[in-house]
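Morning, everyone. I have one structure to walk through, and I'll keep it quick. Please bring it up on the screen.

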Amino acid sequence: MARSVADNNAIPKGWRTRHPGSAIWIVIAIFRGFLEAIFYSIYYIPSPLRQSPTWSYRQACMTRLLERVFHIITEIGFTQSLSLEAGKLGDRWVTIDPAPASAYYGDFASDTIKPETVGGTWYPSLPLKQSLLEEQGLVVLSFHSGSLLWLTGRPEDSGPTATMLNNSLGNNTRSFWLQYRLAGGSNPTPYPGAMQDAVTAYIYLTKDMGISPSRIVLAGDSTGSTIAVALLRYLASIKEVKDHELAELPPPKACLLFSPSVEYCFEGDPEAVSANRNIKTDYVEARMMAWGARAIALPEIVRLDDPYISPALHPFATPVPIFVQAGGAEVLADSVRGFATAMSSVPGNVVEHFEVPDVPHDIYVVGTILGWPKEQEEIHEAAARFVLQ
């Protein structure tokens, strides 16, 4: 049975997670990885021995390599710290101060987790308000993946995906990739921190930049989808809240979800993940998923089966059309399908479920890296067709 409360033991501990142990273990892991690379480079030559016999040699090797990278990251408990400095981004990087406290209503109002200044990256460039009015193109508010432990939405981890999605959605499309607060790093911020940041970013786009929600497309991949769906639910919940600054706005144009994390009571249960039918054809591992679930869902703050954490168990009505993509060979395939089915059953909801056969997790982002460039392109094209129809 899936877990309802995150496991405190899911957080990596021990000598490998502290200096100098982590440095020593990285050296050992590199040597071990070199031997494993030699082994699998030979082992995967016959196609029946690959994770899937339909996969190419490159796909099998690259997926195994990524799985080993995540395995090492989990072993040493590596998390990423964030900076609000622009660095080389110049004016493409924007910092956003929190909205008034009244903007963070209900489940997003917390006595312990308060909204803070966040940043984000514009692709391809920071637009002027006047140009936004003249161009009348779409604006994507995107939430990156990373188990709420890693990544930033900056070009080094999200640039190629942002460019591909912008191009797919047509001329004048711009996107803003939010660097939401992570649940790890030097300033660990659990639920509802990242969700508060999504509200901050949405108010920035609609109020400060003057963009009509009817031109805004929400997008998220993997754990970023958790935030995107949470924002959708929140926007629905505040419609009847008097004087809320977002209550009178029209809904966003669409919501795009790629390999979404929508059932944390499953992801937080390593036994359930290990027993999943697709565990051998995916690069994610049970311990990593349980760690991410525990990082965001502190047991004393929120349950794993909470509506904002596991929306697959709590469908809701929304006027926003939802595109839901998954890989047929990924661990999340069944929970994603369940989410799409549950949301489709709500009267008035418009949901498209797009499953790409025999591919692992988040090909929307890593397709070219792992050897599925054609499938990656098909995912972006299908998402664009859904938005532009």
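Is Phe 31 buried or exposed? Keep in mind that this is a predicted model. Phe 31 has a relative accessible area of 54%. The cut-off for exposed is over 50%, so Phe 31 counts as exposed.

Where does Phe 31 sit? In helix H1. That helix covers residues 21–43.

Now widen the view. Phe 31 belongs to a nonpolar patch on the surface. The other members are Phe 34, Leu 35, Ile 38, Ile 42, Ile 45 and Tyr 57. Together they have about 720 Å² of accessible area. Which element gives the most to this patch? Helix H1, with 5 residues.

Next, the sheet. It is open, and it has 8 strands. Read the order as S1-S2-S4-S3-S5-S6-S7-S8. The pairing is mixed. At the edges are strand S1, residues 93–96, and strand S8, residues 351–356. Each of these pairs on one side only. On average, neighbouring strands are turned by 20° against each other, direction ignored.

Let's zoom in on one pair. Strand S6, residues 254–258, and strand S7, residues 322–327, run parallel. How many bridges join S6 to S7? The count is 4. For a concrete example, take Leu 256: its bridge partner in S7 is Phe 323.

Last item: what lies across these strands? Helix H6, residues 223–237, lies across S6 and S7. Helix H6 also lies across strand S3, residues 139–143, and strand S5, residues 216–221. Against S5, helix H6 runs at about 140°.

That's my tour. Over to you.

Conventions:
Residues numbered from 1 in each chain as written. Predicted model: local features only at pLDDT ≥ 70, side-chain atom pairs only at ≥ 80, totals over all residues. Heavy atoms only, no water. Patch = residues over 30% accessible without salt bridge, like charges linked within 9 Å, V, L, I, M, F, W, Y side chains within 5 Å. Areas by Shrake-Rupley, 256 points an atom, 1.4 Å probe, with all protein chains shown as cover. Salt bridge = Lys/Arg side-chain N within 4 Å of Asp/Glu carboxyl O. Helix = DSSP H or I, 4+ residues; strand = E, 2+ residues; numbered from the N terminus. Buried < 20%, exposed > 50% of the residue type's maximum accessible area, 1.4 Å probe, protein only. Pairing = 2+ DSSP bridges. Axes fitted to C-alpha atoms, helices over the stretch in contact; angles between N-to-C directions. Contact = heavy atoms within 4.5 Å.
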